[in-house]
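Student: Could you take me slowly through one part of this model, strand by strand, and then show me how the surroundings fit around it? I would like one connected answer.

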Amino acid sequence: MQTSVYQIITHTVSYSNIFVKDIEYFRSKYIFIDCKSSHYGGALELTIGTAAESTLKNLSFNRCDALQAGGAIYVSLSDGGKLTISELCSFADCKTYSDSSLYSGSGGAIQAYIGLNSQLILEDTITFDRCTNGSGGGMCIRLAEYGSVRQTGSCFFTECKSQNGGGLDIETSRPNYDIQLLGNMQFEGCESDYEGGGFKLYCNKAGSVTINGMLFHNCNTTGAGGGFSYNGYDGAQMTITDKVTFNNCNSQYNGGGGMYMTVRDSESMINITG
């Protein structure tokens, strides 16, 4: 009989300024428990640039928190950097702290900044359970010019909470981004105070978003979009290619109990082909 060996880490681990190609961190069975940071990345802080490629596989994060961003993982990608998260990765009860200050926490489990020509790839299965923060209770992603996100596996957000994007918050501020959510995304019992009880997507400037199927169940917001909230500006293009399902989702004060979508100019478009 084969026995699995788990490495348990109960303190903050910081990896920064990674500029070496083809590095693979934590191949399997690492568990981060009660890791904390007074700044970024309660368990891991990664800086990946100059065409470096890194992979995180089969990791578990429990009760990790950071004061400012990335309760479990904070990653900054620049100058062609690439991070892949694959196999089974789980995040439970991770959080950042939110208050009225400038540094309202973001990315309850993962905070990712994707810079010029850089890419975040999400494969296989990633789960977020009861993660909380100011923006993106489970995961918060910010993209710059020519930044890219590609999700091909399954992401499950369960009972995550935040001010915006109860489970997931994605925002762009520069043109020529590429967001491909091609796998399976499910949001169960997620909540937000302002927009997107499950998922908030804010696209400013011209770029491309492709969304496959998504499921929202029992998601709520006091603002707009009980399940999904989308805002597109200045040439943003979003295409939905498959079925998006909303079950028992609610918006308390503003529009869109299931989905709220708005475009602000004639160059921005929403295409629904599914």
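Tutor: Happy to! Let's start at a single bridge: Ser154 has Asn184, in strand 22, as its bridge partner. This is a predicted model, in which local features need pLDDT of at least 70, side-chain atom pairs count only at pLDDT 80 or more, and totals for chains, interfaces and linings use all residues. Residues are numbered from 1 along each chain as its sequence is written, and side-chain values use heavy atoms, with hydrogens and water left out.

Strand 22 covers residues 184-188; a strand here is a DSSP run of E with at least two residues, numbered from the N terminus. Strand 18 (residues 154-158) runs parallel to strand 22 and is joined to it by five bridges. Two strands count as paired if DSSP finds at least two bridges between them. Strand 26 (residues 214-217) is also parallel to strand 22, with four bridges joining them, and there Glu188 stands opposite His217.

Now look at the faces of strand 22. Met185 and Phe187 point to one face and are buried, whereas Asn184, Gln186 and Glu188 point to the other and are not. Buried means under 20% relative accessible area, exposed over 50%, and partly exposed in between (1.4 Å probe, protein chains only).

Phe187 leads us inward. It is among the residues with the most contacts inside the largest nonpolar core, which has 59 residues. Such a core is a set of buried Ala, Val, Leu, Ile, Met, Phe, Trp, Tyr and Cys residues joined through side-chain atoms within 4.5 Å. In soluble globular proteins, nonpolar side chains tend to be buried together.

Leu201 is another of those core residues with the most contacts. Leaving aside neighbours within four places in sequence, Leu201 is in contact (heavy atoms within 4.5 Å) with residues including Ile170, Ile179, Val209, Ile211, Phe228 and Met238.

Strand 24 (residues 199-204) pairs in the parallel sense with strand 20 (residues 168-172) over five bridges, and Asp169 stands opposite Lys200 in strand 24. Both strands belong to an open sheet of eight strands with parallel pairing, in the order 5-9-13-16-20-24-28-32. Its edges are strand 5 (44-48) and strand 32 (259-263), each pairing on one side only.

One last point for the bench: the structure holds zero disulfides (pairs of cysteine sulfur atoms within 2.5 Å). For Cys35, the nearest cysteine sulfur, that of Cys64, is 4.3 Å away. Cys160 is in no disulfide either, with the sulfur of Cys131 nearest at 4.8 Å.
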